[in-house]
Amino acid sequence: MGIDNRIIRGLAVTLIVGAFGGCGETPSSSAPDPAPSENLSAEQQLMNAFAAAQPGSVIEIPAGVHEIRRSLVLDVDDVTIRGTGAGRGERDSVLTFKNQVAGAEGMLLSGDNLVLEGFAIEDTRGDALKINDSKNVIIRAVRTEWTNGPDVDNGAYGIYPVQVENLLLEECVAIGASDAGIYVGQSKNVVVRNNLARDNVAGIEIENTIDADVYENLTESNTGGILVFNMPDIPQTGERTRVFNNDVRDNNTANFAAPGTAVSGVPAGSGIMVNSNDLVEIFDNRISGHNTANIVLSSYYSANYAGQRELAPGFDPYPEGLNIYSNTFGAGGNQPDRPELEAIRVALFGAQGSLPDLIWDGAINPSHNGSLPSDRGICVDNGDAVLLDVDLLNAGANPNVDMSRYQCELPKLSAVTLPHAT
């Protein structure tokens with residue numbers, strides 16, 4: 001997938017802060033001349049630009065590979081951070097943190113109306129790009145990568161917006177994160193489109209987020225391709241996520257997450273995975289080549305996340321209101337990454353058989369008396385695709401493929417609209 005390095009035109013800016021140009025103000029005649037910018041390291045010039053930024057600033061990251069050893073931190077509204085490209089060529093803007101000595105992230109940003117585009121962040125000690133508590137954010141054509149490949153010592157998150165309202169994340173690349181390459185958490189009104197995520201534990205993860213559209217992405221060679229999760233002990237409960245028109249393929253990388261983290265429970269070979277999340281629509285995707293299953297539906301109980309089974313009061317651990325239709329499935333389910341699933345595969349489908357395209361742990365809220373209500377069901381209208389209830393909570397005692405349970409209809413979710421972006 002190519003990365004489109006389009007540059008937003010027509011931004012109204014009152015101050016331009018270039019990475020090689022200082023703050024843009026004219027010193028008084030009595031002030032000493034500033035040190036020539038060519039005498040400063042690229043790191044110091046960028047740190048100066050971040051420190052001097054004001055509403056309306058544009059921070060330009062020049063072409064080249066620039067060694068940065070300390071986190072770049074910004075808490076200002078209406079700022080654009082722009083490079084010349086996110087690739088690996090001499091005309092691209094690459095920030096390498098391989099020798100980072102200070103800070104937990106590569107970039108740590110807050111503020112409303114942020115635009116980030118056309119640069120790469122490599123080999124940070126912790127998360128690569130974190131945006132926190134912001135509104136109206138555009139992240140476009142940004143690459144985050146750990147260049148040594150999958151490794152538990154890599155940073156957890158590549159592109160990491162948290163508590164963001166109105167987010168557009170497009171045309172980005174995320175590689176090598178030990179948790180999620182692209183992670184959107186506790187956010188509202190989100191579009192994630194036209195991105196590439198590979199060699200991460202989770203390619204794209206939408207967690208505790210309300211109203212998200214995830215489409216036209218490519219996820220490959222991760223542990224799990226696209227995850228839609230709700231986790232306990234987080235004030236906001238996520239719902240209403242549409243996952244559509246994505247290419248999700250060959251996500252079989254062995255799980256290299258730190259033990260005890262949420263994604264350490266993701267089976268290798270999971271295409272699209274929904275855990276404890278409601279009102280999720282999965283349609284028109286091309287999903288293939290997953291050793292466990294092309295789609296995995298689970299409650300919180302089927303994975304011992306962080307060694308815990310105790311749940312926060314009010315947390316709903318069961319996935320409900322799932323609408324799955326019109327997806328194209330390829331091969332999968334031939335080598336599941338759980339002994340329980342492997343035993344079910346052999347018992348039901350024979351030594352050479354495969355699990356169906358969709359598997360569900362079968363956990364239902366006890367208040368539903370054993371069957372999902374019609375307005376919160378799991379509805380499957382996907383040709384001859386089969387959903388297997390593996391009955392994991394009863395150690396696989398009664399697995400079944402009774403598709404009559406999933407012949408239902410749910411209202412379609414509305415598209416996400418972003419007031420700040422086209």
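Here are some exercises on a predicted model, each with a worked solution.

Residues count from 1 along each chain as its sequence is written. Local features need pLDDT of at least 70 and side-chain atom pairs count only at pLDDT 80 or more, while totals for chains, interfaces and linings use all residues; side-chain values use heavy atoms, with hydrogens and water left out.

**Exercise 1. Take stock of the whole protein: how many helices and strands does it have, and what share of its residues is buried?**

Step 1. Start with the secondary structure, taken as DSSP runs numbered from the N terminus (helices are H or I with at least four residues, strands E with at least two). You should get two helices and 29 strands.

Step 2. Now sort by relative accessible area: buried is under 20%, exposed is over 50%, and partly exposed is in between (1.4 Å probe, protein chains only). Of the 422 residues, 56% come out buried.

Step 3. Next, contacts, meaning heavy atoms within 4.5 Å. Take those between residues at least 6 apart in sequence, and 64% of them join residues at least 24 apart.

Step 4. Finish with the surface, using Shrake-Rupley accessible areas with a 1.4 Å probe, where for residues only the protein chains shown count as cover. About 16,900 Å² is exposed, and carbon and sulfur atoms supply 47% of that.

**Exercise 2. Work out which residues of helix α2 are buried, and what they pack against.**

Step 1. Helix α2 covers residues 339–349, and its buried residues are L341, I344 and R345.

Step 2. Look down the axis, with the arc taken from the directions from the helix axis to the C-beta atoms. The buried residues of α2 fall within 105°, so they line one face of the helix. The general background is that an α-helix has 3.6 residues a turn, so residues three or four places apart point the same way.

Step 3. That buried set packs against β27 (358–360) and β29. On the face turned away from the buried side you'll find exposed P339 and A347.

Step 4. Walk off the end of the helix: just after α2, G350 has a positive phi of about 90°.

Step 5. Try the same thing on helix α1 (residues 42–52), where E43, Q45, L46, A49 and F50 are buried. These span an arc of only 165° around the axis, which puts them on the same side of α1.

**Exercise 3. Find where D123 sits and what it touches.**

Step 1. D123 is in the loop between β8 (114–122) and β9 (127–145). At a relative accessible area of 11%, D123 is buried.

Step 2. Skip the neighbours within four places in sequence; D123 is then in contact with F97, K98, E145, W146, T147 and N148.

Step 3. Zoom in on T147: the D123 side chain reaches its backbone nitrogen at 2.8 Å.

**Exercise 4. Go through the salt bridges: how many are there, and which residues share a network?**

Step 1. Use this rule: a side-chain nitrogen of Lys or Arg within 4 Å of a carboxyl oxygen of Asp or Glu. The count comes to 22.

Step 2. Take R193 and E170, whose side chains meet at 2.8 Å, N to O. R193 is in strand β13 (residues 188–193) and E170 in strand β10, 23 residues apart, so to speak of the pair is to speak of a link between distant parts of the chain. Both ends are buried, with R193 at 17% and E170 at 1%.

Step 3. Compare D247 and R286, another salt bridge at 2.8 Å, N to O. D247 lies in strand β20 (residues 247–249) and R286 in strand β23, so the pair ties together parts 39 residues apart in sequence. Here D247 is partly exposed at 26%, and R286 is partly exposed at 33%.

Step 4. Then there's R338 with D337, at 3.6 Å, N to O. Salt bridges that share partners also join E60, R82, E117, R140, E170 and R193 into one network.

**Exercise 5. Check two residues for phi: what are the values at Q163 and D284?**

Step 1. As background, most residues other than glycine have a negative phi.

Step 2. Q163 has phi near 55°, a positive value. Its place is in strand β10 (residues 157–170), and at 38% it is partly exposed.

Step 3. D284 has a positive phi of about 60°. D284 sits in the loop between β22 (278–283) and β23 (286–288).

Definitions and conventions:
Polar contact = N/O pair within 3.5 Å; in protein donor to acceptor, adjacent residues only side chain to side chain.
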